[in-house]
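Student: I have a model open and some terms to test. Can we go through them one at a time?

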Amino acid sequence: MNLDDKKIKELEKTANDIRISIIESLVEASSGHTAGSLGMADIFTALYFHILKHNPKKPDWKDRDYLILSNGHICPVLYATMAHSGYFPKKDLMTLRKLGSSLQGHPHKEWLKGLETSSGPLGCGLSQAVGMALASRIDEGNSTDRFFYCLMSDGELQEGNTWEGIMLAGKEKISNLIAIVDRNNIQIEGTTEDVMPLEPLDEKFHSFNWHVIEIDGHNFESIVNAVNEAKVITEKPIVIIAYTVPGKGVKEFERDYHWHGKAPTKEQGKRAIKELKSKIK
Amino acid sequence: MKNLNPKIFDKDIEKSSTRKGYGEGLLEAGRKNKNVVALCADLTHSTYTHFFADEFPERFIQVGVAEQNLATVGSGMATMGKIPFISSYAMFSPGRNWEQIRTTIAFNNVNVKIVGSHAGVSVGSDGGTHQAIEDIALMRVIPRMIVLSPCDAIEAKKATIEASKIKGPVYLRLARNDTPIITTEKTPFEIGKAQTVFEPKSKLQIGIIATGPLLYGAIISAKELDEKGIGVKVLNLATIKPLDEKAIISLAKETKGIVTVEDHQKIGGMGSAVAELLSQKYPTKIEFIGVDNKFGQSGTPEELLKLYGLDTNSIKKAVKNLLK
């Protein structure tokens with residue numbers, strides 16, 4: 001499971017390609033969520049290209065790991081990653097948010113094979129992941145072969161439903177549940193700490209009986225090591241608080257909450273793609 | 001009447017609650033199918049989910065006082081092939097967790113059965129905060145949702161078992177109190193089918209469509225009117241969605257008007273569903289028996305049914321209004 005330098009280089013290149021696809025699809029759609037999508041590109045790349053047990057040609061393979069995207073608005077990164085890993089042709093990314101497209105503005109599982117849930121309304125993904133893990137426990141016992149990865153935003157931690165799920169996962173000691181929080185510090189209307197402070201976030205999870213790991217969400221080695229650590233924890237659910245830069249990879253978009261919920265114009269898109277292309281020689 | 005409790009017009013008719021019938025049905029469904037699981041939000045005994053939880057503790061999840069979680073965890077379990085029954089008071093589920101039900105259950109099209117007990121003002125002394133009289137409207141407006149509202153404990157048991165056999169989201173509406181046993185084990189029950197439960201001896205003039213335990217009051221009203229020469233046929237509408245269009249239209253065709261009877265707001269309830277249908281397919285005069293844009297309050301069920309105009313006197317008056 002560990003990474004060598006060659007693999008890291010490969011993942012960096014893939015993540016950069018995925019960022020380019022994200023920009024292209026958002027420009028074409030002329031609406032959508034840029035900052036979180038770019039910020040999570042490294043984690044999605046690590047998951048789909050190294051960590052997850054999955055089969056893009058057989059999305060409903062029964063032995064797969066489950067990836068539940070709770071903050072559905074960052075679906076441009078989910079779609080781009082799925083396309084790059086072979087779930088569907090990359091050209092389909094240009095149909096994002098259009099009539100009849102399998103790439104709905106927020107993910108709808110009936111429209112696209114490979115989605116475990118539909119999402120968008122915040123704060124509901126974790127509880128669904130908890131339900132999936134509980135159901136699988138009834139059938140398979142405390143399996144260490146199957147993991148449920150729930151990707152969440154930091155902003156959605158303001159939803160009460162999230163904490164109901166966190167409480168239940170702690171009570172049930174669901175150790176094959178790995179939540180990954182995109183701690184990018186922004187939400188639509190500003191920084192999380194201005195809108196509704198979340199800190200001390202690690203202590204909140206600790207106090208609900210979770211195992212907490214904090215990482216740099218752009219460092220592939222850290223991402224993979226965190227998941228390796230998570231997999232050997234028993235008796236507790238695991239949260240990886242991943243510190244990310246919203247808009248990562250494009251200087252014009254980075255760390256600016258205004259990019260939470262809008263798409264680049266054609267011009268901005270051109271500049272962004274040029275910047276991204278210059279990164280990988 | 002054929003197929004109904006032979007003691008239906010006796011003073012000492014036996015009583016039970018639809019919530020208890022649910023508990024029995026859930027246990028039986030659980031025995032028949034190992035994929036049936038139950039979740040509850042700290043109201044296991046009030047919803048009779050404990051019958052199931054006691055026999056199948058490994059298939060029961062106590063989520064605590066957290067109805068949003070109840071719905072979303074249920075959704076996740078259904079995604080993995082389980083058939084979750086999520087139960088609470090109707091005020092809280094589907095009252096509090098409507099959007100979770102809409103998005104994670106109906107939009108996702110997963111096989112979750114939402115069980116709301118303590119529906120209606122007939123809850124009684126707990127008062128208006130605990131009397132769900134908006135839940136039919138909340139559930140029937142959601143695409144794919146099937147809405148069931150059984151009339152007695154026996155029908156509730158059958159509805160529960162049938163709900164476990166069909167794939168997709170179902171809302172099962174239950175009441176708190178012991179009410180007369182109208183049906184028998186042999187009374188047919190089919191989701192989507194209305195049933196005639198009273199045919200008059202005198203010339204048929206008016207149709208009553210009732211849902212839930214108020215069906216009993218509808219039958220008593222029809223009998224008393226029949227004795228006075230006013231012929232009223234009564235339909236038990238245990239499935240509010242999908243509507244049994246054929247049965248409703250044919251009742252409208254053979255009568256001069258329809259009275260709908262439900263322990264729910266007039267706005268958006270079963271009567272509204274009937275009116276939506278008839279206004280399109282066979283415009284008919286309708287009198288609505290239901291709560292008239294008000295909240296409930298404390299009192300005995302009998303006091304409240306009278307106060308809110310849901311008792312037999314109100315039903316009989318509505319029939320007579322249609323004949324004016």
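Student: Which strands of chain A does helix α9 (residues 220-232) lie across?

Tutor: This is a predicted model. In it, α9 of chain A lies across β3 (177-183), β6 and β7 (238-243) of chain A.

Student: What makes the direction of α9(A) opposed to that of β6(A), or aligned with it?

Tutor: The angle between them is about 170°. Angles run from 0 to 180 degrees between N-to-C directions, so about 170° means opposed directions.

Student: How do you know that β1(A) and β2 (residues 148-153) of chain A pair?

Tutor: Pairing needs at least two bridges. β1(A) and β2(A) have four bridges, in the parallel sense, so they count as paired. Within this pair, Leu69(A) stands opposite Leu151(A) in β2(A).

Student: What is the strand order of the open sheet in chain A?

Tutor: The five strands run β1-β2-β3-β7-β6, with parallel pairing.

Student: Why are β1 (66-69) and β6 (211-216) of chain A called edge strands?

Tutor: Each pairs on one side only. From one strand to the next, the twist averages 20°.

Student: What makes a residue of chain A part of the contact with chain B?

Tutor: Its C-beta atom must lie within 7 Å of one in the other chain. By that rule, 23 residues of chain A are in contact with 24 residues of chain B. On the chain A side, α5(A) gives the largest share, 10 residues. By class, that side has 10 nonpolar, nine polar and four charged residues.

Terms used: Residues numbered from 1 in each chain as written. Chains lettered and ligands numbered in written order. Predicted model: local features only at pLDDT ≥ 70, side-chain atom pairs only at ≥ 80, totals over all residues. Contact = placed C-beta atoms within 7 Å. Helix = DSSP H or I, 4+ residues; strand = E, 2+ residues; numbered from the N terminus. Nonpolar A, V, L, I, M, F, W, Y, C, P; charged D, E, K, R; others polar.
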